[in-house]
Amino acid sequence: MDGINAVKIDISVRDLVEFILRAGDLDNRYAHGDMGAMQEGSRLHRKLQKAAGDSYRAEVMLKHEAPVEYDGESFLLCVQGRADGIFFDEGEVFAEAGMYVIDEIKTTLRNVAHMQDPVPVHRSQAMCYAYIYALQNGLERIGIRMTYCNQETEDIKYFSEAFEFAQLAEWFDKLIKEYAKWAAWQAKWLRARNASIAAGSFPFEYREGQKKLVGSVYKTIQQGKRLFIEAPTGVGKTISAVFPAVWALGEGRAEKIFYGTAKTIARTVAEDAFGILVSRGMKLKCVTITSKEKVCILEKPDCNPVACERACGHFDRVNDAVYDMLLHEELADRVTIEKYAAKHNVCPFEMSLDVATWADAVICDYNYIFDPSAHLRRFFDAGSTGRYCFLIDEAHNLVERARDMYSAGFIKEDFLTAKAVLKGARKGKGDDWKIEAEKDRLAGTLEACNKALLAMKRECDDFEVWEDCDKFAAALSRFVGVYEDISRDLNPEENEAIRDLYFDARHFLDMHESMDGDYTIYTDFTGDRKFRLRLQCMEPRRNLESYLMYSVSSIFFSATLIPVRYYMEQLGGREDDYAVYADSPFDTKRRLLMVGTDVSTKYTRRGEDEYARIARYITEFTQAKKGNYIVFFPSYRLMEDVRELIGDDMPGIVMQERTMREEQKEEFLAAFSEAPDEMRVAFCVMGGIFAEGIDLQGDRLIGVVVVGTGLPMVCNERELFRGYFDEKKHMGFEYSYLYSGMNKVMQAAGRVIRTADDVGAILLLDERFATRQYLELFPREWADWERVSIDTVGRKLEEFWGSVGTR
């Protein structure tokens, strides 16, 4: 390959060995502490490195570029990673003194004394590092050592092995050759992809202000910054974010695009945007990750070879399934993934994750990017070589979602339930005495967790804030360690009862270890009086930063990113990052925005008189013109009270149910037809499934009534936020109630005008909307709002519908 400017393909040591060497079944029956709980970069990890002495070199970056030729393709495969430690052994590790040793450190909650062998993936990682170091330093022999340390007891177990360089070279060469097919495909694909992007152009005629928006996104990616976009519906923000990101991808400014969404409907919009670019000649591999629960072939996911035939031998077949799809498909949506998964008899969810490795763009829920328990570890864990571009759609949702992701909690009674199942499932099973003893030990850890929470419960009358919960965390850590030791000895009933508790415990311990002053620990009681402990994340920016660091640039966009300074602050905006407002292209004369100021939804004012005024407003609003309407209420209770008051006086009322299946949601929306023959008035809840992300264009929706300011209900947790932000910012009400409520209002109101040709009316019902505190949060395009009363709203609507005529 001398003289050839070959394509360079990067892969981490961990990704290489995991991809090539995996085999066998998917199996959720056992606790895989070897992959999850064995965390890299922890406090204990650093302690071990420091204790090793001055001659011990910690966190050594190793990189090797291997020239590869396969199927007519020539390229450089750049394998890199960070060795935990390298030291020169004087005879303490190996009898043969005078040898360099690669140290691979893993901390775990398992009892390391029970480990018989190192985890194969860890051994293979150490062998890769050993090969690279020996090659670069001309060593004929080199050793590897896997160091396993229990996080609680700090007990250590070592596994050591020495290799001739020739052995490692033969092993590494075989590894590279097995990967060559994939790398050759990638080299060929990247060349074709980049050429197609360079030849492409924006797929539409630019709307007013859209070209400036596209330029802002591109400039932000070019400069490695973060951009916060407040863009009203109809600006075309999705394609305005996707196109420049794809362009930057083709220029090599990013390795992959992650398009994060909060709702399924937004994923469809993103798929459409990438699909448009593909239809115009751009070559792009785009995959949509759908949750395991939705794509599983079983009624309830149970990923093991006993419960699911596809789990049996999944890893023996999945690479063929992925390669088949890569050769024949560009847009891998849910249906396409399911088709190829069925063809190759593999798990569709796990397959979609593997397709993501090779995709240019990944469309997924926020969880797969930012959630510590659900994020895609192959991209966002230590050792990742990625340079990603994040496009975060409907970014206003990420604040609350992130707070929840980085919080953790337990119900005391759950430990007693698990203990009872563990005890009951063993009656008459005839386990040998060793297994019985281990299960007794596990039951003991569950009881210890219960007792630690019981002690806290005795000091909590209704709600209590705590300085720490260290005693409970210590008991929980012992439970996790014992479960990881004996999970293979539990029967299916026992594992089913304890598995979710185990994963929750892992998450809790991770959050407990990382929490700082941006957390509050509290206890309270659920509605059915069960005792609860919660680690509440108050501000998510620090946690989000640990994932944003993997992006070369992040673009946050929403129609309701107001006030933008609040969202920048909470979502990781830095002093030199950007914020832009995209002007609405709509003619405001085609939209009537009214505020009814002689009505209130304050709790102190709620009652039959106010409900009667609300009902009359709704009647006046919907009788002005036959068509489809939505009325958004702040709660199911208020919605039901007003509906009962109206009775049979208003035709065409339909109501959102508290729980709706996917097909029920689709039927509910499908009933909003074009040019309806009769009235349809849908009563829905603000912040619910129909309050954002739905796109009812033209006559499918001509009016929206928003009842109330959308403020969250006052509760202990909200009051915690209020106190926290009063102390930090002197803006407790705004941060805990106002901004969240107004966002719901703006999202609900935004359902009515979706395209430049739409005509519609919006009515906001609450006197508070006309106060400065709320008016300051109105988007620019709401500057022409009009004040109305119960007596004038009908006349104002008559004038509006008369002025815009019929469509």
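The following exercises, with worked solutions, concern a predicted model of one protein chain.

**Exercise 1.** Determine whether the radius of gyration of the protein chain agrees with that of a compact globule.

*Solution.*
1. The chain has 807 residues, so a compact globule would have a radius of gyration near 28 Å.
2. The protein chain has 29 Å, which agrees.
3. Along the principal axes, the C-alpha atoms fill a box of roughly 95 × 70 × 50 Å.

**Exercise 2.** Describe the burial, contacts and surface of the protein chain.

*Solution.*
1. Buried means under 20% relative accessible area; 56% of the 807 residues are buried.
2. Consider contacts between residues at least 6 apart in sequence: 78% of them join residues at least 24 apart.
3. The accessible surface is about 34,500 Å², and carbon and sulfur atoms account for 47% of this area.

**Exercise 3.** State how the charged side chains are counted and how far apart the centres of the two sets lie.

*Solution.*
1. There are 106 positive and 133 negative side chains.
2. The centres of these two sets lie 2 Å apart.

**Exercise 4.** Characterise the surroundings of strand S4 (residues 99-108).

*Solution.*
1. The protein chain contains 27 helices and 25 strands; S4 is one of the strands.
2. Nine of the 10 residues of S4 are buried, and the strand is thus mostly covered.
3. Strand S3 (residues 73-89) runs antiparallel to S4 and is joined to S4 by five bridges. Within this pairing, Gly85 stands opposite Asp103 in S4.
4. Strand S5 (residues 141-150) pairs with S4 in the parallel sense over eight bridges. Here Ile105 stands opposite Thr147 in S5.

Conventions:
Residues are numbered from 1 along each chain as its sequence is written. This is a predicted model: local features need pLDDT of at least 70, side-chain atom pairs count only at pLDDT 80 or more; totals for chains, interfaces and linings use all residues. Side-chain values use heavy atoms; hydrogens and water are left out. Helices (H or I, at least four residues) and strands (E, at least two) are DSSP runs, numbered from the N terminus. The radius of gyration is taken over C-alpha atoms; the globule rule is 2.2 Å times the number of residues to the power 0.38. Buried means under 20% relative accessible area, exposed over 50%, partly exposed in between (1.4 Å probe, protein chains only). Contact means heavy atoms within 4.5 Å. Accessible areas come from the Shrake-Rupley method with a 1.4 Å probe; for residues, only the protein chains shown count as cover. Lys and Arg count as positive and Asp and Glu as negative; His and the chain ends are not counted. The place of a charge is taken as NZ of Lys, CZ of Arg, CG of Asp or CD of Glu. Two strands pair if DSSP finds at least two bridges between them.
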